[in-house]
Amino acid sequence: MNSGPIIDARDVDYSLEIAGRPLHILRKVSLTVLPSEVVAIVGPSGSGKTSLLMLLAGLERATGGVVAVNGSDLGAMNEDELARFRRHTLGIVFQSFHLIPSLTALDNVGLALEIAEPNLGMAQVREKAAAALAAVGLGDRLDHRPTALSGGEQQRVGLARATVANLPLLLADEPTGNLDQKTGAVVVDLMFDLARRNRTAVVMITHDPALAARADRVFTMTQGQLTETTAKTAPVSL
Ligand SMILES: Nc1ncnc2c1ncn2[C@@H]1O[C@H](COP(=O)(O)OP(=O)(O)OP(=O)(O)O)[C@@H](O)[C@H]1O
Ligand SMILES: [Mg+2]
């Protein structure tokens, strides 16, 4: 059991070689997130937010520094170990939902649970997936395919899928980017509620400062550099 930070990224560099020339995407990024902390990242388009999320998810590799998640150094893992790490550590919510179109809401969520917990029986998978959908207010939409759901409903399925296995980390890349403001606020409310109830840490990228302000801490990415910009509250006198 890891009792330290869920994310401990130190001096992370990420660069790619494009047409024989280095492109520096992240420079000396450090980020520490404690279990059950909710963190938002804002910043201009192209500043490196999604790139950082990909490194934290173990979907890309840092070119410098250390990315440790849930106590494990991702740089020291091979591809199989990274795949196992992802299955047992984190869920991801994407801007464009990324649901499987041929599967019902129940099966989209059930599939994610089967991947995280292959030893569960079919009945348990269905029961837990149905409960996760009920928790996001979709208990009466279990058999709907994504095309038969509104954008906000699809994103709530995405949220149920990312949380059904009760993993310690939730990564969200502009989860409200394809939703109107009101629907987006509902989805973020749900996401924060679920996270607090399950003690899941959240890293959410958003362009909306009002949504970011609801996180415990806010960071700004500018040209590959990350700085904390949490509004300072007045010191509490003891
Ligand atoms: N695979 C890649 N090949 C080339 N350039 C890339 C690659 N991935 C990212 N980049 C570049 O890295 C920079 C950061 O991209 P990233 O997607 O992380 O930005 P972002 O902050 O998420 O932007 P947005 O708000 O538009 O989603 C951009 O200039 C992008 O073009
Ligand atoms: Mg992005």
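# A tour from helix α1 outward

Start by selecting α1, which is mostly covered: 6 of its 8 residues are buried. The model on screen is a predicted one. The buried residues of this helix are Lys 49, Ser 51, Leu 52, Leu 53, Leu 55 and Leu 56. Just after α1 comes Gly 58, with a positive phi near 75°.

**Ligand 1**

Keep α1 shown and add ligand 1. Which element gives the most to the shell around ligand 1? It is α1, with 3 residues. Three elements, β1 (7–18), β2 (21–33) and α1 (49–56), each supply at least two residues of this shell.

To see the whole shell, select Leu 16, Ile 18, Leu 23, Ile 25, Gly 43, Ser 45, Gly 46, Ser 47, Gly 48, Lys 49, Thr 50 and Ser 51. Coloured by class, the shell shows 4 nonpolar, 7 polar and 1 charged residues. Lys 49 and Ser 51 belong to the shell and are also among the buried residues of α1.

**The sheet of 4 strands**

Next, select the strands β2, β1, β4 and β5. In that order they form an open sheet of 4 strands with antiparallel pairing. Its edge strands are β2 and β5 (72–73), each of which pairs on one side only. Helix α1 packs on this sheet, touching β1, β2 and β4, and its direction makes about 115° with that of β1.

Zoom in on β1 and β4 (residues 64–69), which pair in the antiparallel sense over 5 bridges. One residue to pick here is Asp 8, whose bridge partner in β4 is Ala 68.

Stay on β1 and select Asp 13, which is found in this strand. Is Asp 13 buried or partly exposed? It counts as partly exposed, because it has 15 C-beta neighbours inside 10 Å, and a residue needs 20 or more to be buried. Leaving out residues up to four places away in sequence, Asp 13 touches Leu 26, Arg 27, Lys 28, Ala 62, Thr 63, Gly 64 and Gly 65. For a distance across the model, pick the C-alpha atoms of Asp 13 and Gly 158: they are separated by 30 Å, and the two residues are 145 apart along the chain.

**The sheet of 6 strands**

Now select β6, β7, β8, β3, β9 and β10. This is the order of an open sheet of 6 strands with mixed pairing. The edge strands are β6 (90–94) and β10, each pairing on one side only. From one strand to the next, the twist averages 20°. Add helix α5 (residues 151–163), which packs on the sheet and touches β6 and β7 (169–173). The direction of α5 makes about 170° with that of β6.

Move to the β10 edge. Strand β9 (residues 217–222) and strand β10 (residues 225–228) run antiparallel and are joined by 4 bridges. Two pairs can be picked out: Phe 219 has Glu 228 as its bridge partner in β10, and Thr 222 has Gln 225. The hairpin has 2 residues between the strands, and in it Gln 223 takes a positive phi near 45°.

**Two loop residues**

Most residues other than glycine have a negative phi. Two loop residues to select next have positive values.

Phe 97 is in the loop between β6 and α3 (105–116), with phi near 70°. Phe 97 is buried, with 21 other C-beta atoms within 10 Å.

Glu 174 lies in the loop between β7 and α6 (181–198), and its phi is near 50°. Is Glu 174 buried or exposed? Glu 174 counts as buried, because it has 21 C-beta neighbours inside 10 Å.

**The nonpolar core**

In soluble globular proteins, nonpolar side chains tend to be buried together. To finish, look at the largest nonpolar core, which has 67 residues. Which residues have the most contacts inside it? They are Leu 56, Val 109, Leu 133 and Leu 171. Of these, Leu 56 leads back to the start of the tour, as one of the buried residues of α1.

Select Val 109 last. Its neighbours within four places in sequence left aside, Val 109 is in contact with Ala 129, Ala 132, Leu 133, Val 157, Ala 160, Arg 161 and Val 164. Among these, Leu 133 is another of the residues with the most contacts inside the core.

How values were computed. Residues numbered from 1 in each chain as written. Chains lettered and ligands numbered in written order. Predicted model: local features only at pLDDT ≥ 70, side-chain atom pairs only at ≥ 80, totals over all residues. Near = placed C-beta within 6 Å. Nonpolar A, V, L, I, M, F, W, Y, C, P; charged D, E, K, R; others polar. Pairing = 2+ DSSP bridges. Axes fitted to C-alpha atoms, helices over the stretch in contact; angles between N-to-C directions. Contact = placed C-beta atoms within 7 Å. Core = buried A, V, L, I, M, F, W, Y, C linked by C-beta atoms within 7 Å. Buried ≥ 20, exposed ≤ 12 C-beta atoms within 10 Å, placed from the backbone.
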